[in-house]
Amino acid sequence: MTTIFLLFTITVFGQTDGITEIKKLYNETQDNKSTYKTLTADDFENSSEGGELKAFKDSQEVRLIEARYYGHMGKTVAEFYYLNGQIYFIFLKEFRYNMPPTESGYDQDKTTIEESRYYFWDNRMIRWISPDGEYVDTKSPEFLKTSKENYDWADELLETVK
């Protein structure tokens, strides 16, 4: 019983320590964002209505990629944070329109926004906060599937802007 408790404590402490470090890195990137070199690129591969990428690079590497994807009924805005070529955080906002903006009944005030946060440490996702603010179980099939998809997406975008 003691062994199980110790393993659980070490795992939770490791994740908490990783989250603390991720928050520090995030704040550092935000604080220095205005000093980074900016690169832009179109990304038509990941959206029906087009997309754009904006990469922020310090003197050595890409630290942040902002991706915007447009669709008929909404848009997605995602921020990908990197250190040493590895993803450590993704902030995803999904905007859903009440109807296409080209139609007369479109009402911007009826747009809904869902936010998700994905935390990565040591090349694996350690936390996912869903749009309802809940932590998704790290052992659930959904967590594992989403972890792989987001990790692959982050790698693909980094290769696109290098």
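A pocket is here an open set of grid points with protein on both sides within 12 Å along at least five of seven lines. The model examined is a predicted one. Its largest pocket has a volume of about 160 Å³. Leu25, Leu83, Asn84, Gln86, Ile87, Tyr88, Phe120, Trp121, Asp122 and Asn123 line this pocket. Two elements, strand S5 (86-96) and strand S6 (112-121), each give two or more residues to the lining. S5 supplies the largest share, three residues. By residue class, the lining of the largest pocket holds six nonpolar, three polar and one charged.

The strands S5 and S6 also belong to an open sheet of seven strands. Its order is S1-S2-S3-S4-S5-S6-S7, and the pairing is antiparallel. Strand S1 (37-42) and strand S7 (124-129) form the edges, each pairing on one side only. From one strand to the next, the twist averages 15 degrees. In general, strands of a sheet pair through backbone hydrogen bonds, either parallel or antiparallel. At one end of the order, S6 and S7 run antiparallel and are joined by five bridges. Within this part of the sheet, tyrosine 119 stands opposite arginine 127 in S7.

The edge strand S1 contains threonine 38. This residue has a relative accessibility of 40%. Threonine 38 therefore counts as partly exposed, since that class lies between the 20% limit for buried and the 50% limit for exposed. Beyond its neighbours within four places in sequence, threonine 38 is in contact with Lys54, Ala55 and Phe56. A further spacing was computed for threonine 38 and aspartate 58, which are 20 residues apart along the chain. Their C-alpha atoms are separated by 9.1 Å.

Asparagine 150 presents another setting. This residue lies in helix H2, which spans residues 141-161. Its relative accessible area is 6%. Asparagine 150 is therefore buried, because the class covers values under 20%. With neighbours within four places in sequence left aside, asparagine 150 is in contact with Ile90, Tyr118 and Phe120. Phe120 is also listed among the residues that line the largest pocket. Thus one contact of asparagine 150, Phe120, is shared with the pocket lining.

Technical notes. Residues are numbered from 1 along each chain as its sequence is written. This is a predicted model: local features need pLDDT of at least 70, side-chain atom pairs count only at pLDDT 80 or more; totals for chains, interfaces and linings use all residues. Side-chain values use heavy atoms; hydrogens and water are left out. On a 1 Å grid over the protein atoms alone, a cavity is a set of points where a 1.4 Å probe fits but cannot get out, and a pocket is an open set with protein on both sides within 12 Å along at least five of seven lines; lining residues have an atom within 4 Å of a point. Grid points are joined across faces, edges and corners, and a volume is the space filled by probe spheres set on the points. Helices (H or I, at least four residues) and strands (E, at least two) are DSSP runs, numbered from the N terminus. Ala, Val, Leu, Ile, Met, Phe, Trp, Tyr, Cys and Pro count as nonpolar, Asp, Glu, Lys and Arg as charged, and the others, Gly among them, as polar. Two strands pair if DSSP finds at least two bridges between them. Axes are lines fitted to C-alpha atoms, for helices over the stretch in contact, and angles run from 0 to 180 degrees between N-to-C directions. Buried means under 20% relative accessible area, exposed over 50%, partly exposed in between (1.4 Å probe, protein chains only). Contact means heavy atoms within 4.5 Å.
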